[in-house]
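User: Hi! I'm new to this one, could you walk me through it?

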Amino acid sequence: MFKKILIANRGEIAIRIMRACKDLGIKTVAVYSDADKNSLHAQFADEVIHIGAASPKESYLNADVLIRAALASQADAIHPGYGFLSESASFAGTVASANLTFIGPSADSIRAMGDKAESKIAMKKAGVPTVPGYEGLESESNFKQAAKEIGYPVLIKASAGGGGKGMRVVADEAELGEAIQGAGREALNSFGDDRLLIEKYITDAHHIEFQIFGDQHGHLVHLFERECSVQRRHQKIVEETPSPLLTNELRQEMGEAAVKAARAVNYFNAGTIEFIVDPDTLQYFFLEMNTRLQVEHPVTELTTGLDLVQWQIRVAAGERFPYSQDQLSQRGHAIECRVYAEDPANNFLPSTGKLLQFIEPRGPGIRVDSGFRAGDEVTHFYDPLLAKLIVHAEDRATAIQKMQAALREFIVHGVVTNIDFMQAVLAHEDFAQGKVSTRWVESNLESGSSLPQNRQQAVGLQSLIAAALADLTIVNRQSKIENRNESDLYSPWKIPSGFRN
Ligand code: MV4
């Protein structure tokens, strides 16, 4: 087993990974940029190394600096978290060349799933359902012919793309030429590669992904699904498991397809197979594979009882994953809400500033993964995710209610958050019925008028003043805990001249 791991990331996920390391008795090395000098993730580590300026290119995306930091600290392995270099095949390769272990899949697996067109071809060959369509078309007339065959609406996607970049929905033949031009241009700008593919557009689909997990001895299982349809502009807001759309039969069938997909690229470590599901026909199609730990992994952890990050580390060290598919099951229902520092009333623009107050909910069945505490600064350099609030309960209705209570208990002052917006989602009849597709937020909650007005307007002036004063004094009263990683400093067993001597 590794003795020391460098975490090439920041914020809540860096802390999440360090917790797993500590549980396994592994030392942790955090890296930090200029903007993260006083961050919680840096304080949480056994050792810290400064890696550069605030801009990600100069720090968390700088492969050379990260590898030098790992070697200097004598770490055995690097955990990339999500985002940043987590899906860079070249980084995974460079880590291995430096005689360090990349805690993730092989560079070959990352590469094989990195290209939409190539991965789609590989999936078809493996017998995994993909959306009807074509790759490798060149001329506009070929696209026209293909669209006619598939039937409108069609979707043009960038082969090199992901996450919705270079995508165009085309309703009829009149729009096709311009969509091809536009998507091609965008793909060239974003990925330096203007290859496009064409597919049948599945309207009002659900986005359902399967967690898969494999070891380096060829054992692969799925850990059930996550329903991720509540999102806007490709940013997920609420995730849950089980999906209200799936029957047990469909769950099992899709799980088997997910394992087949992962097996086709000799996958090991944690990974996610994304599907879109047509809610009318319940047909499902492979979209892409994410070759990393995902933001929403906690809902899977709470319902399966597995610590995915610990298992990532253990299989990277060569251990076997000990559970067969039959031994795995889900208990209850889990929901995650992503608390963002952003303003729903102002086109969801990121909101920056000092966290004057930051009180996380707690209690049975409540988990908060966050990278902030009161007094911290939320800057524009990084993703505005403040915290992930995850609840676990016996059934979906109870979990929704628990989430609503927990969101009410979550107090954030100093920046604007999407907490009230998420309350509007959870309180909606469509959500209660599990009838939410990927277009739902945009068509039901985007108009600012349907949003609940800021709750503070209903609060009396006196309470406001009292809250503001309390906030200010609380922040100033915070002591700096420099010795967080020491075991109990005040233990009587440690006092040299104490009663023990
Ligand atoms: C689709 C689709 C409908 N039909 N493909 C969006 C990002 C990329 N992962 C693929 N995406 C989609 N592909 C076909 N043939 C709808 C989406 C889509 C989507 C998928 C997952 C999560 C959110 C989404 C939001 C809008 C569109």
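Analyst: Happy to; we can go through the sheets, the ligand site and a few backbone details. Keep in mind that this is a predicted model.

User: Let's start with the eight strands. In what order do they sit in the sheet?

Analyst: The order is β14-β13-β10-β11-β12-β15-β22-β20, and the sheet is open with antiparallel pairing. At the edges are β14, residues 284-290, and β20, residues 366-370, each of which pairs on one side only. Going from one strand to the next, the twist averages 25°.

User: Which helix packs on that sheet?

Analyst: That's α9, made of residues 248-264. Helix α9 touches β10 (206-214), β11 (220-232), β13 and β14. Its direction makes about 105° with that of β11.

User: Back to β13 and β14 for a second. How many bridges join them?

Analyst: Six bridges, in the antiparallel sense, with β13 covering residues 269-277. For one pair you can look up in the view, try Ile 273, whose bridge partner in β14 is Met 289.

User: Cool. Now the five-strand sheet: is the pairing parallel or antiparallel?

Analyst: Parallel, in an open sheet that runs β3-β2-β1-β4-β5. The edge strands here are β3 (47-52) and β5 (101-102), and each pairs on one side only.

User: And what about β1 and β4, how many bridges there?

Analyst: Three bridges, linking β1 (residues 4-7) with β4 (residues 77-79) in the parallel sense. Ile 7 stands opposite His 79 in β4.

User: Switching to the ligand. How many residues surround it, and which are closest?

Analyst: There are 18 residues around the ligand, and the closest are Lys 157, Glu 199, Lys 200, Ile 202 and Glu 288. By type, the shell divides into seven nonpolar, six polar and five charged residues.

User: Which polar atom of Lys 200 lies 2.8 Å from the ligand, backbone or side chain?

Analyst: For Lys 200 it's a polar backbone atom, 2.8 Å from a nitrogen atom of the ligand. Lys 157 uses its side chain instead: a polar atom there lies 3.1 Å from a ligand nitrogen. Glu 274 also has a side-chain N or O atom 3.5 Å from a nitrogen of the ligand.

User: How much of the ligand's accessible area does the protein cover?

Analyst: The protein covers 92% of the 520 Å² that the ligand has on its own. Two or more shell residues come from each of these elements: β7 (154-158), β9 (196-200), β13 and β14. You've met β13 and β14 already, as two of the strands in the eight-strand sheet.

User: Nice link! Last topic, the backbone. Which peptide bonds are cis?

Analyst: One is the bond from Tyr 152 to Pro 153, with omega near 0°. Pro 153 sits in the loop between α7 (140-150) and β7. Another cis bond goes from Thr 241 to Pro 242, with omega near -5°. Pro 242 is in the loop between β12 (235-241) and α9, and α9 is the helix packed on the eight-strand sheet.

User: Why point those out?

Analyst: Because most peptide bonds are trans.

User: And where is Asp 204?

Analyst: Asp 204 lies in the loop between β9 and β10. Its phi is near 50°, a positive value in a residue other than glycine. Most residues other than glycine have a negative phi.

Methods:
Residues are numbered from 1 along each chain as its sequence is written. This is a predicted model: local features need pLDDT of at least 70, side-chain atom pairs count only at pLDDT 80 or more; totals for chains, interfaces and linings use all residues. Side-chain values use heavy atoms; hydrogens and water are left out. Two strands pair if DSSP finds at least two bridges between them. Helices (H or I, at least four residues) and strands (E, at least two) are DSSP runs, numbered from the N terminus. Axes are lines fitted to C-alpha atoms, for helices over the stretch in contact, and angles run from 0 to 180 degrees between N-to-C directions. Contact means heavy atoms within 4.5 Å. A residue is near a molecule or strand if one of its heavy atoms lies within 4 Å of it. A polar contact is a pair of N or O atoms within 3.5 Å; within protein, one must be able to donate a hydrogen and the other to accept it, and residues adjacent in sequence count only if both atoms are side-chain atoms. Accessible areas come from the Shrake-Rupley method with a 1.4 Å probe; for residues, only the protein chains shown count as cover. Ala, Val, Leu, Ile, Met, Phe, Trp, Tyr, Cys and Pro count as nonpolar, Asp, Glu, Lys and Arg as charged, and the others, Gly among them, as polar.
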